[in-house]
Amino acid sequence: MKILYAVQGTGNGHLSRAMDIVPCLRALGEVDVLVSGIQADLSLPFEVKYRFHGLSFIFGKSGGVDLWKTFMSSTIRKFTNEIKSLPIENYDLVINDFEPISAWACHSKDLECIGLSHQIAALDPASPKPDESDMLGKFIMKNYAPSTHSYGFHFKRYSKHIYPPVIRNAVRELNVTDQGHYTVYLPAYDDAHLLKHLMKFPEVKWDVFSKHNSKAFDMKNVTIRPINNQSFIDSMASSSGVLCGAGFETPAEALYLEKKLLVIPMKNQYEQHLNAASLEEMGVPVISSLKQKNMLAIEAWLNSKSRVEVDYPNITQEIINEIVQKHR
(Lines give C-alpha, C1' and ligand atoms only; values in the text may rest on other atoms or scores of the structure.)
Protein backbone atom coordinates (compact mmCIF):
# COMPACT_ATOMS: atom_id res chain seq x y z
CA MET A 1 0.00 0.00 0.00
CA LYS A 2 1.35 3.40 -1.02
CA ILE A 3 0.44 6.16 1.44
CA LEU A 4 0.90 9.91 1.02
CA TYR A 5 1.04 11.77 4.33
CA ALA A 6 0.63 15.50 3.68
CA VAL A 7 1.51 18.00 6.41
CA GLN A 8 0.91 21.71 6.86
CA GLY A 9 4.28 23.42 7.30
CA THR A 10 3.14 26.75 8.79
CA GLY A 11 4.32 26.87 12.39
CA ASN A 12 5.74 23.83 14.16
CA GLY A 13 2.76 21.95 15.55
CA HIS A 14 1.87 19.86 12.51
CA LEU A 15 5.50 18.88 11.95
CA SER A 16 5.85 17.91 15.62
CA ARG A 17 2.90 15.55 15.28
CA ALA A 18 4.31 14.14 12.03
CA MET A 19 7.41 12.94 13.89
CA ASP A 20 5.28 10.33 15.65
CA ILE A 21 2.62 9.67 13.01
CA VAL A 22 4.97 8.88 10.10
CA PRO A 23 6.64 5.91 11.88
CA CYS A 24 3.15 4.59 12.71
CA LEU A 25 2.15 4.82 9.05
CA ARG A 26 5.38 3.15 7.93
CA ALA A 27 4.44 0.12 10.01
CA LEU A 28 1.48 -0.30 7.63
CA GLY A 29 2.79 0.59 4.16
CA GLU A 30 5.15 2.57 1.95
CA VAL A 31 4.94 6.22 2.96
CA ASP A 32 5.87 9.41 1.11
CA VAL A 33 5.75 12.72 2.99
CA LEU A 34 4.59 16.06 1.57
CA VAL A 35 5.09 19.38 3.36
CA SER A 36 3.71 22.71 2.16
CA GLY A 37 3.93 26.12 3.75
CA ILE A 38 6.59 28.30 5.32
CA GLN A 39 7.30 29.78 8.78
CA ALA A 40 8.29 26.41 10.33
CA ASP A 41 11.45 25.99 12.39
CA LEU A 42 11.65 22.21 12.82
CA SER A 43 13.58 19.77 10.64
CA LEU A 44 12.01 16.35 10.21
CA PRO A 45 14.01 13.17 10.93
CA PHE A 46 12.93 11.52 7.68
CA GLU A 47 12.89 12.27 3.95
CA VAL A 48 10.32 14.72 2.62
CA LYS A 49 9.51 13.76 -0.98
CA TYR A 50 7.44 16.83 -1.88
CA ARG A 51 7.98 20.39 -0.67
CA PHE A 52 5.58 23.10 -1.81
CA HIS A 53 5.03 26.77 -1.03
CA GLY A 54 1.32 26.15 -0.50
CA LEU A 55 -0.74 28.69 1.43
CA SER A 56 0.85 30.08 4.59
CA PHE A 57 -0.09 32.54 7.29
CA ILE A 58 2.73 34.98 8.03
CA PHE A 59 3.27 35.83 11.70
CA GLY A 60 3.23 39.52 12.57
CA LYS A 61 5.17 41.30 15.32
CA SER A 62 2.48 42.61 17.67
CA GLY A 63 0.32 39.60 18.44
CA GLY A 64 -1.38 38.61 15.19
CA VAL A 65 -1.17 37.39 11.61
CA ASP A 66 0.28 39.86 9.10
CA LEU A 67 -2.61 39.82 6.61
CA TRP A 68 -0.79 41.83 3.92
CA LYS A 69 2.33 39.64 3.93
CA THR A 70 0.12 36.55 4.03
CA PHE A 71 -1.73 37.76 0.93
CA MET A 72 1.43 38.77 -0.92
CA SER A 73 3.17 35.45 -0.22
CA SER A 74 0.52 33.45 -2.09
CA THR A 75 -0.56 33.54 -5.73
CA ILE A 76 -3.36 31.55 -7.33
CA ARG A 77 -1.16 30.63 -10.32
CA LYS A 78 1.59 29.18 -8.13
CA PHE A 79 -0.94 27.33 -5.99
CA THR A 80 -2.71 25.88 -9.05
CA ASN A 81 0.56 24.78 -10.65
CA GLU A 82 1.62 23.00 -7.45
CA ILE A 83 -1.71 21.14 -7.34
CA LYS A 84 -1.32 20.04 -10.98
CA SER A 85 2.29 18.89 -10.46
CA LEU A 86 1.43 16.43 -7.67
CA PRO A 87 0.91 12.83 -8.95
CA ILE A 88 -1.83 12.19 -6.41
CA GLU A 89 -3.27 9.28 -8.41
CA ASN A 90 -0.15 7.22 -7.62
CA TYR A 91 -1.28 6.67 -4.02
CA ASP A 92 -3.67 4.16 -2.51
CA LEU A 93 -4.33 6.33 0.53
CA VAL A 94 -3.92 10.06 1.16
CA ILE A 95 -3.88 11.23 4.79
CA ASN A 96 -3.92 14.98 5.19
CA ASP A 97 -2.99 17.16 8.18
CA PHE A 98 -4.56 20.47 7.08
CA GLU A 99 -2.42 20.58 3.93
CA PRO A 100 -4.05 22.30 0.91
CA ILE A 101 -2.04 21.06 -2.10
CA SER A 102 -2.83 17.36 -1.68
CA ALA A 103 -6.38 18.11 -0.50
CA TRP A 104 -7.25 20.10 -3.61
CA ALA A 105 -5.36 17.65 -5.86
CA CYS A 106 -7.65 14.90 -4.52
CA HIS A 107 -10.68 17.14 -4.93
CA SER A 108 -9.81 17.96 -8.56
CA LYS A 109 -9.54 14.25 -9.46
CA ASP A 110 -12.45 13.02 -7.32
CA LEU A 111 -10.19 10.93 -5.07
CA GLU A 112 -10.58 10.19 -1.37
CA CYS A 113 -8.70 12.41 1.07
CA ILE A 114 -8.59 11.41 4.74
CA GLY A 115 -8.44 14.52 6.91
CA LEU A 116 -6.58 13.96 10.19
CA SER A 117 -5.91 17.28 11.88
CA HIS A 118 -6.61 19.43 14.90
CA GLN A 119 -8.53 21.92 12.76
CA ILE A 120 -11.16 19.28 11.96
CA ALA A 121 -11.76 18.69 15.68
CA ALA A 122 -11.83 22.41 16.49
CA LEU A 123 -14.58 22.94 13.90
CA ASP A 124 -16.63 19.97 15.11
CA PRO A 125 -20.10 21.16 16.24
CA ALA A 126 -19.53 19.55 19.65
CA SER A 127 -16.31 21.51 20.33
CA PRO A 128 -16.41 24.83 22.26
CA LYS A 129 -16.68 28.01 20.21
CA PRO A 130 -15.71 31.62 21.06
CA ASP A 131 -18.43 34.13 21.92
CA GLU A 132 -17.61 36.27 18.89
CA SER A 133 -18.21 34.58 15.54
CA ASP A 134 -15.69 34.96 12.71
CA MET A 135 -17.50 34.00 9.50
CA LEU A 136 -14.48 34.61 7.26
CA GLY A 137 -12.15 32.68 9.54
CA LYS A 138 -14.62 29.79 9.74
CA PHE A 139 -15.04 29.77 5.95
CA ILE A 140 -11.27 29.66 5.38
CA MET A 141 -10.77 26.82 7.88
CA LYS A 142 -13.60 24.74 6.38
CA ASN A 143 -12.37 25.13 2.80
CA TYR A 144 -8.60 25.38 3.21
CA ALA A 145 -7.96 21.62 2.96
CA PRO A 146 -11.20 19.79 2.03
CA SER A 147 -11.44 16.10 2.91
CA THR A 148 -13.86 13.28 2.10
CA HIS A 149 -13.49 11.71 5.58
CA SER A 150 -12.62 13.63 8.73
CA TYR A 151 -10.91 12.81 12.03
CA GLY A 152 -9.39 15.19 14.53
CA PHE A 153 -7.26 15.75 17.63
CA HIS A 154 -8.37 18.04 20.45
CA PHE A 155 -7.73 18.83 24.11
CA LYS A 156 -10.79 16.73 24.98
CA ARG A 157 -12.80 14.04 23.14
CA TYR A 158 -15.89 16.07 22.29
CA SER A 159 -17.20 13.48 19.77
CA LYS A 160 -16.44 9.95 18.56
CA HIS A 161 -14.27 11.17 15.65
CA ILE A 162 -12.05 13.24 17.95
CA TYR A 163 -8.92 11.73 19.51
CA PRO A 164 -6.70 13.03 22.34
CA PRO A 165 -3.54 14.96 21.36
CA VAL A 166 -0.51 13.16 19.95
CA ILE A 167 2.15 13.78 22.59
CA ARG A 168 5.52 13.12 21.02
CA ASN A 169 7.65 10.36 22.53
CA ALA A 170 10.40 12.98 22.91
CA VAL A 171 8.08 14.85 25.30
CA ARG A 172 6.79 11.74 27.08
CA GLU A 173 10.36 10.74 27.91
CA LEU A 174 11.35 14.09 29.47
CA ASN A 175 12.44 14.38 33.10
CA VAL A 176 9.94 16.84 34.59
CA THR A 177 11.27 19.27 37.24
CA ASP A 178 10.62 22.83 38.42
CA GLN A 179 13.67 25.09 38.20
CA GLY A 180 11.70 28.29 38.68
CA HIS A 181 11.69 29.86 35.20
CA TYR A 182 8.78 30.41 32.80
CA THR A 183 8.99 29.21 29.19
CA VAL A 184 7.59 31.61 26.56
CA TYR A 185 6.64 30.93 22.94
CA LEU A 186 4.70 33.77 21.32
CA PRO A 187 5.81 33.83 17.66
CA ALA A 188 3.37 36.60 16.69
CA TYR A 189 5.25 39.06 18.97
CA ASP A 190 8.71 40.39 18.16
CA ASP A 191 11.47 40.56 20.76
CA ALA A 192 10.92 44.25 21.50
CA HIS A 193 7.29 43.66 22.48
CA LEU A 194 8.19 40.68 24.65
CA LEU A 195 11.02 42.44 26.44
CA LYS A 196 8.89 45.55 27.10
CA HIS A 197 6.19 43.58 28.89
CA LEU A 198 8.09 40.69 30.48
CA MET A 199 10.57 43.02 32.18
CA LYS A 200 7.61 44.44 34.12
CA PHE A 201 7.95 41.32 36.27
CA PRO A 202 11.62 41.64 37.36
CA GLU A 203 11.39 38.86 39.94
CA VAL A 204 10.48 36.31 37.25
CA LYS A 205 13.00 34.51 35.05
CA TRP A 206 11.61 34.31 31.51
CA ASP A 207 13.02 31.86 28.95
CA VAL A 208 11.80 33.14 25.57
CA PHE A 209 12.03 31.23 22.28
CA SER A 210 11.92 33.71 19.41
CA LYS A 211 11.12 33.43 15.70
CA HIS A 212 12.63 36.88 15.19
CA ASN A 213 16.23 36.37 16.36
CA SER A 214 18.97 33.94 15.35
CA LYS A 215 21.29 34.68 18.29
CA ALA A 216 20.72 34.20 22.01
CA PHE A 217 21.07 37.11 24.43
CA ASP A 218 20.07 38.14 27.96
CA MET A 219 18.45 41.39 29.02
CA LYS A 220 17.90 41.72 32.76
CA ASN A 221 15.51 38.91 33.74
CA VAL A 222 14.70 37.79 30.17
CA THR A 223 16.64 35.31 28.04
CA ILE A 224 15.90 35.43 24.31
CA ARG A 225 17.05 32.51 22.19
CA PRO A 226 16.28 31.13 18.74
CA ILE A 227 13.89 28.24 18.41
CA ASN A 228 15.45 24.83 18.88
CA ASN A 229 13.19 21.84 19.37
CA GLN A 230 15.19 20.02 22.05
CA SER A 231 16.04 23.20 23.96
CA PHE A 232 12.40 24.23 23.93
CA ILE A 233 10.95 20.99 25.28
CA ASP A 234 13.76 20.80 27.87
CA SER A 235 12.86 24.33 28.98
CA MET A 236 9.17 23.41 29.25
CA ALA A 237 9.95 20.28 31.25
CA SER A 238 11.99 22.22 33.82
CA SER A 239 9.75 25.29 34.00
CA SER A 240 7.26 26.56 36.56
CA GLY A 241 4.83 27.40 33.77
CA VAL A 242 4.36 28.06 30.07
CA LEU A 243 3.16 31.29 28.42
CA CYS A 244 2.28 30.70 24.77
CA GLY A 245 -0.15 31.30 21.94
CA ALA A 246 -3.39 29.36 21.74
CA GLY A 247 -2.06 26.87 19.23
CA PHE A 248 -2.60 23.19 19.82
CA GLU A 249 0.58 21.17 20.27
CA THR A 250 2.46 23.44 22.70
CA PRO A 251 -0.51 23.90 25.10
CA ALA A 252 -1.26 20.15 24.89
CA GLU A 253 2.35 19.29 25.74
CA ALA A 254 2.43 21.81 28.59
CA LEU A 255 -0.76 20.29 30.03
CA TYR A 256 0.67 16.78 29.66
CA LEU A 257 3.81 17.89 31.55
CA GLU A 258 1.52 19.21 34.34
CA LYS A 259 2.71 22.77 33.87
CA LYS A 260 0.83 25.93 34.74
CA LEU A 261 -0.42 27.39 31.45
CA LEU A 262 -1.45 30.85 30.21
CA VAL A 263 -2.40 31.41 26.56
CA ILE A 264 -2.81 34.43 24.29
CA PRO A 265 -4.77 33.66 21.09
CA MET A 266 -3.29 35.23 17.99
CA LYS A 267 -5.26 38.06 16.37
CA ASN A 268 -6.78 37.27 12.95
CA GLN A 269 -6.36 33.54 13.55
CA TYR A 270 -9.74 31.86 14.05
CA GLU A 271 -8.31 28.47 15.01
CA GLN A 272 -6.52 29.97 17.99
CA HIS A 273 -9.75 31.51 19.25
CA LEU A 274 -11.44 28.11 18.96
CA ASN A 275 -8.58 26.61 20.99
CA ALA A 276 -8.81 29.39 23.56
CA ALA A 277 -12.52 28.64 24.04
CA SER A 278 -11.73 24.99 24.73
CA LEU A 279 -8.83 25.74 27.07
CA GLU A 280 -10.84 28.34 28.98
CA GLU A 281 -13.64 25.82 29.46
CA MET A 282 -11.08 23.42 30.93
CA GLY A 283 -9.87 26.05 33.40
CA VAL A 284 -6.79 27.43 31.60
CA PRO A 285 -6.54 31.26 31.89
CA VAL A 286 -6.75 33.15 28.59
CA ILE A 287 -5.84 36.81 27.94
CA SER A 288 -6.36 38.81 24.76
CA SER A 289 -2.92 40.40 24.43
CA LEU A 290 0.24 41.55 26.20
CA LYS A 291 -1.18 45.04 26.67
CA GLN A 292 -1.06 46.89 29.97
CA LYS A 293 -4.68 46.03 30.79
CA ASN A 294 -3.71 42.35 31.11
CA MET A 295 -0.70 42.76 33.40
CA LEU A 296 -2.79 42.06 36.52
CA ALA A 297 -4.04 38.82 34.96
CA ILE A 298 -0.45 37.75 34.25
CA GLU A 299 0.53 38.59 37.83
CA ALA A 300 -2.40 36.55 39.16
CA TRP A 301 -1.35 33.61 37.00
CA LEU A 302 2.25 33.85 38.22
CA ASN A 303 1.03 33.74 41.82
CA SER A 304 -1.41 30.89 41.21
CA LYS A 305 -0.66 27.26 42.03
CA SER A 306 -3.53 25.71 40.06
CA ARG A 307 -2.90 23.32 37.19
CA VAL A 308 -5.35 21.61 34.84
CA GLU A 309 -5.19 17.81 34.95
CA VAL A 310 -5.43 15.85 31.68
CA ASP A 311 -5.14 12.24 30.56
CA TYR A 312 -3.40 11.88 27.19
CA PRO A 313 -2.57 8.16 26.68
CA ASN A 314 -0.03 7.03 24.10
CA ILE A 315 -2.42 5.54 21.50
CA THR A 316 -1.06 7.02 18.26
CA GLN A 317 -0.43 3.63 16.62
CA GLU A 318 -3.93 2.46 17.56
CA ILE A 319 -5.46 5.61 16.02
CA ILE A 320 -3.50 5.18 12.78
CA ASN A 321 -4.32 1.46 12.61
CA GLU A 322 -8.04 2.20 13.02
CA ILE A 323 -8.11 4.87 10.29
CA VAL A 324 -5.99 2.96 7.78
CA GLN A 325 -7.94 -0.27 8.30
CA LYS A 326 -11.21 1.57 7.72
CA HIS A 327 -10.13 3.27 4.48
CA ARG A 328 -7.60 0.95 2.87
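**Salt bridges and the strand β1 region**

In this predicted model, the side chains of R168 and E253 meet in a salt bridge, with a distance of 2.9 Å from N to O. The pair links distant parts of the chain, since R168 is found in the loop between β7 (162-163) and α7 (169-172), while E253 belongs to helix α10 (residues 249-256), 85 residues apart. R168 has a relative accessibility of 3% and therefore counts as buried, the cut-off being under 20%. E253 is likewise buried, with a relative accessible area of 3%.

In total, the count of salt bridges comes to six. Another of these contacts joins the side chains of D97 and R17, for which the N to O distance is 2.8 Å. Here too distant parts of the chain are linked, with D97 placed in strand β4 and R17 in helix α1, 80 residues apart. D97 counts as buried at 0% relative accessibility, and R17 is buried as well, with a relative accessible area of 1%.

A further salt bridge is formed by D207 with R225, whose closest N and O atoms are 2.6 Å apart. Because D207 lies in strand β9 (residues 206-210) and R225 in strand β11 (residues 222-226), the pair ties together parts of the chain that are 18 residues apart in sequence. The two partners can also be described by their exposure: D207 counts as buried at 7% relative accessibility, whereas R225, at 24%, counts as partly exposed. Beyond individual pairs, salt bridges that share partners join R17, D97 and E249 into one network.

The elements that carry R17 and D97 can be placed through their relation to strand β1. Of the seven residues of strand β1 (residues 2-8), six are buried, so this strand is largely enclosed by the rest of the structure. Strand β1 pairs in the parallel sense with strand β2 (residues 30-36), over seven bridges, and within this pairing V35 of β2 is the bridge partner of V7. Strand β1 also pairs in the parallel sense with strand β4 (residues 93-97), in this case over five bridges, and I95 of β4 is the bridge partner of Y5. Helix α1 (residues 13-26), together with β1 and β2, makes a right-handed β-α-β unit. The salt bridge between R17 and D97 thus has one partner in helix α1 and the other in strand β4.

Technical notes
Residues are numbered from 1 along each chain as its sequence is written. This is a predicted model: local features need pLDDT of at least 70, side-chain atom pairs count only at pLDDT 80 or more; totals for chains, interfaces and linings use all residues. Side-chain values use heavy atoms; hydrogens and water are left out. Buried means under 20% relative accessible area, exposed over 50%, partly exposed in between (1.4 Å probe, protein chains only). Helices (H or I, at least four residues) and strands (E, at least two) are DSSP runs, numbered from the N terminus. Two strands pair if DSSP finds at least two bridges between them. A crossover is right-handed if, with the strands pointing away from the viewer, the path from the first strand over the helix to the second runs clockwise. A salt bridge is a side-chain nitrogen of Lys or Arg within 4 Å of a carboxyl oxygen of Asp or Glu.
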